[in-house]
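Please take the sequence and the coordinates together, and let the following paragraphs serve as a guide from one helix contact to the next and then to the aromatic rings.

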Amino acid sequence: MSSGRALAEGFPDLTGLPTARRTHWGRWLAAGLILVVLALVGRAFAQGQIEWAYVGRFLTVPVILHGIVNTLTMAVLAMSLGIVLGLVVAVMRLSPNPVLKGVAAGYTWLFRGTPLILQLLLWFNLALVFPVIGIPGLWSVKSVEVITPFLAALLGLGINQGAYTSEVMRAGLLSVDTGQYEAAQAIGMGRLKALYRIILPQAMRVVLPPLGNEFIGLVKATSLASVIQYPEVLHAAENIYYANSRVIELLIVAGLWYLLIVSILTPLQMLLERRFARGTARITR
C-alpha cells in the first residue's frame, strides 16, 4: 500500500534498492593507532629490564600479604569513619541553624581544599603542635605515644573522606521528596527517627553508586599512608625493593594487588546497588 501510494503521488519506489553502508575511516584509523600503541607498550614491558620471575616470587610473600590485610583494614575503618562524619555533616548542612551550617561548610572547605598527603603528615606530626593530649589535672598522655602511624592514617584518611562523603550524603538527602519529611512529621515522628526510618532508606539508592566509587578510591588512597610508615602494601613493597633494588618488579606486584582488589570490589558494588534499587525500576512503554 505504501509503495502504491508513493507511485501515485509521483515519487519513485526506493524500497527495493540496497542500503549502502558508510565506511568510517576515522574510527578504523583510531582503533589501529590504539592497537599499535598497546603493542608498543606490551613490547616495552616484555623486552625491558624486568625480571618477571621476581614478580611471581614476591606476589605472595608474607610481608606483601600482611600489607594487603592492612590496606583493606584501613580502607574499611576509614570509610566507616567517613560515612559517619559525612552523614553528620550533611545533616548539619541542611539544618536551619546558621552555626551548624557554617561549621559544616567550614569542615568541608578545609578538608577538601588541602591535599590528603599534607593532612596525613600533619596528623603524624601532631605532637609538634600538641605535645600532650588530655584533660588538664585529670588525665594526660604524650601525643607522640598516642599518634601512631595507624591512628594518624585513620584520622587523616577518615576525616578527609568524611568531607567528600558529606556532599554525597547531602545530595542523597536532597533527592528525597519534601513530602516524605512532611508525612513523617504528620504522624509524629521526630527528625532523627524520620531520618533513620524513612529518609535514609530512600536516599541510599542515590548515595550508593558514588559511595562505592569513593570506597574504591579510598583503597588506592591508603598508599599515601606509606609516607608516615603505615605498613600497607605499597610500603611493604618499598621496604623490599630498598633491600634488593628490584624497584619495577615490586611496584608491579603492588599494582597487581590493587587491580585485584578493585576487580573484586566493583561487582560487589554493582550487586549492592541492585539490591537497594529493587522496586524502584521505572516501567517504560
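Which residues in α4 meet V233, A236, A237 and I240 in α11? In this predicted model, the residues on the α4 side of that contact are V63, I64, G67, I68 and T71. The axes of α4 and of helix α11, which covers residues 233-244, come within 7 Å and cross at roughly 155 degrees. Because angles over 145 degrees count as roughly antiparallel, α4 is described as roughly antiparallel to α11. Sorted by character, the residues of this contact divide into seven nonpolar and two polar, with no charged residue among them.

One of the α4 residues in that contact, T71, can be followed further. T71 has its place in helix α4, which spans residues 62-93, and its relative accessible area is 0%, so T71 is buried. When residues up to four places away in sequence are not counted, T71 touches V219, T222, E232, V233 and Y258; of these, V233 also belongs to the α11 side of the helix contact described above.

Helix α4 also meets helix α5, which runs over residues 98-113, and here the axes again come within 7 Å but cross at roughly 135 degrees. Since that angle is not over 145 degrees and lies outside the range of 65 to 115 degrees, α4 is classed as oblique to α5, and the crossing in which α4 passes α5 is left-handed. In α4 the residues involved are L85, V89, M92 and R93, and they meet L100, K101, V103, A104, A105, Y107 and T108 in α5. The residues of this contact divide into eight nonpolar, one polar and two charged, whereas the contact of α4 with α11 holds no charged residue.

The aromatic rings offer another way through the model. A pair of aromatic rings is described by the distance of the centres and the angle of the planes. The count comes to four aromatic pairs, and among them is the pair of F150 and Y230, with 6.2 Å centre to centre and 45 degrees between the planes, which is classed as tilted. This pair links distant parts of the chain, given that F150 lies in helix α8 (residues 149-175) while Y230 lies in the loop between α10 (191-221) and α11, 80 residues apart. The two partners also differ in their exposure: F150, with a relative accessible area of 34%, is partly exposed, whereas Y230, at 4%, is buried.

A further pair is formed by Y241 and Y242, whose ring centres are 5.1 Å apart and whose planes stand at 75 degrees, so the pair is edge-to-face. Here, too, the partners fall into separate classes, since Y241 counts as buried at 14% relative accessibility, while Y242 counts as exposed at 60%.

These details can finally be set within the chain as a whole, which has 12 helices and two strands. Read along the sequence, the elements follow the pattern α-α-α-α-α-α-β-β-α-α-α-α-α-α. Of the 285 residues of the chain, 31% count as buried, and T71 is one of the residues in that class. Among the contacts in the chain with a separation of 6 or more, residues 24 or more positions apart account for 75%.

Note on methods:
Residues are numbered from 1 along each chain as its sequence is written. This is a predicted model: local features need pLDDT of at least 70, side-chain atom pairs count only at pLDDT 80 or more; totals for chains, interfaces and linings use all residues. Side-chain values use heavy atoms; hydrogens and water are left out. Helices (H or I, at least four residues) and strands (E, at least two) are DSSP runs, numbered from the N terminus. Buried means under 20% relative accessible area, exposed over 50%, partly exposed in between (1.4 Å probe, protein chains only). Contact means heavy atoms within 4.5 Å. Axes are lines fitted to C-alpha atoms, for helices over the stretch in contact, and angles run from 0 to 180 degrees between N-to-C directions. Angles under 35 degrees count as roughly parallel, over 145 as roughly antiparallel, 65 to 115 as roughly perpendicular and the rest as oblique. Ala, Val, Leu, Ile, Met, Phe, Trp, Tyr, Cys and Pro count as nonpolar, Asp, Glu, Lys and Arg as charged, and the others, Gly among them, as polar. A crossing is left-handed if the near helix is turned anticlockwise from the far one by less than a right angle, and right-handed if clockwise. Rings of Phe, Tyr and Trp (its six-membered ring) pair if their centres lie within 6.5 Å; planes under 30 degrees apart count as stacked, over 60 as edge-to-face and the rest as tilted.
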